[in-house]
Amino acid sequence: MTIMLRVLLYILLVTGLAACGFKLRGQVSELPFKHIYITAPAGMTIGSDLERVISTHTQARVVKKIEKSEAVIQVVYAIREKRILSLSEGGKVREFELIYRVTARLLDSHNTELAPLREIRLTRILPYLDAQELAKAAEEEMLYKDMQKDAVQQILRQVTAVTAG
């Protein structure tokens, strides 16, 4: 009897998670557009990250010409910031706050706005020790890359929320 009850509870849990829209991190819903054009500032890797995720995780195609697209994801800017969060008694930095800000919007191929300009702001805390300067520099870069991946996921969730046509 208890095995049957456990199985029933497990089925209810799985069904409840599926019904509420739960998805594992990194999963992308299908986009409402078949052909997407991506524009991002030169030197920013977020455009290529968006293209890679769309190409590998959805059935939508990223096109090279705006005329062939149904929608345009326009990344206006992506900025990395770093500020001191706390100091030791001796005036040395203990923690930094890393900030990654991305502003993007969704347009159709005729530059009509489908989703308004929206800023995504992500933050992480980086504990700091002078003795571990090289390791902390590598950790900082890893945290920025992680924030960029999160920003790509958020942009794609916003695109998914827009209905085509």
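Start with how the chain folds back on itself: of the contacts in the protein chain with a separation of 6 or more, 67% are between residues 24 or more positions apart. Keep in mind that this is a predicted model. Buried residues make up 31% of the 165 residues in the protein chain.

Now for the parts list. The protein chain has three helices and five strands, and if you read along the sequence you'll meet them in the pattern α-β-α-β-β-β-β-α.

Let's look at the strands together. All five of them form an open sheet, lined up in the order E2-E1-E3-E4-E5, with mixed pairing. E2 and strand E5 (113–127) sit at the edges with a single partner strand each, so one side of each has no neighbour in the sheet. Further in, E1 and E3 run parallel and are joined by four bridges. To find one spot where these two strands meet, go to Ile36, whose bridge partner in E3 is Ala71. Helix H3 packs on this sheet, where it touches E3, E4 and E5. The direction of H3 makes about 155 degrees with that of E5.

Next, turn to helix H2, which takes in residues 46–57. H2 has 12 residues and reaches 16 Å from its first C-alpha to its last, close to the 16 Å expected at 1.5 Å a residue. Which residues of H2 are buried? They are Ile46, Gly47, Asp49, Leu50, Val53 and Ile54. These buried residues cover an arc of only 165 degrees around the axis, which means they are on the same side of H2. And what covers them? The cover includes four of the strands you've already met, namely E1 (35–39), E2 (61–62), E3 (71–87) and E4 (93–108), along with helix H3 (133–161).

One last stop is the aromatic rings. The structure holds one aromatic pair, made up of Phe96 and Tyr128. A pair of aromatic rings is described by the distance of the centres and the angle of the planes. For Phe96 and Tyr128, that comes to 5.3 Å centre to centre and 75 degrees between the planes, an edge-to-face arrangement. Where do the two residues sit? Phe96 lies in strand E4 and Tyr128 in the loop between E5 and H3, so the pair ties together parts that are 32 residues apart in sequence. Both Phe96 and Tyr128 are buried, too.

Notes: Residues are numbered from 1 along each chain as its sequence is written. This is a predicted model: local features need pLDDT of at least 70, side-chain atom pairs count only at pLDDT 80 or more; totals for chains, interfaces and linings use all residues. Side-chain values use heavy atoms; hydrogens and water are left out. The expected span of a helix is 1.5 Å times one less than its number of residues. Buried means under 20% relative accessible area, exposed over 50%, partly exposed in between (1.4 Å probe, protein chains only). The arc is that of the directions from the helix axis to the C-beta atoms. Contact means heavy atoms within 4.5 Å. Two strands pair if DSSP finds at least two bridges between them. Axes are lines fitted to C-alpha atoms, for helices over the stretch in contact, and angles run from 0 to 180 degrees between N-to-C directions. Rings of Phe, Tyr and Trp (its six-membered ring) pair if their centres lie within 6.5 Å; planes under 30 degrees apart count as stacked, over 60 as edge-to-face and the rest as tilted.
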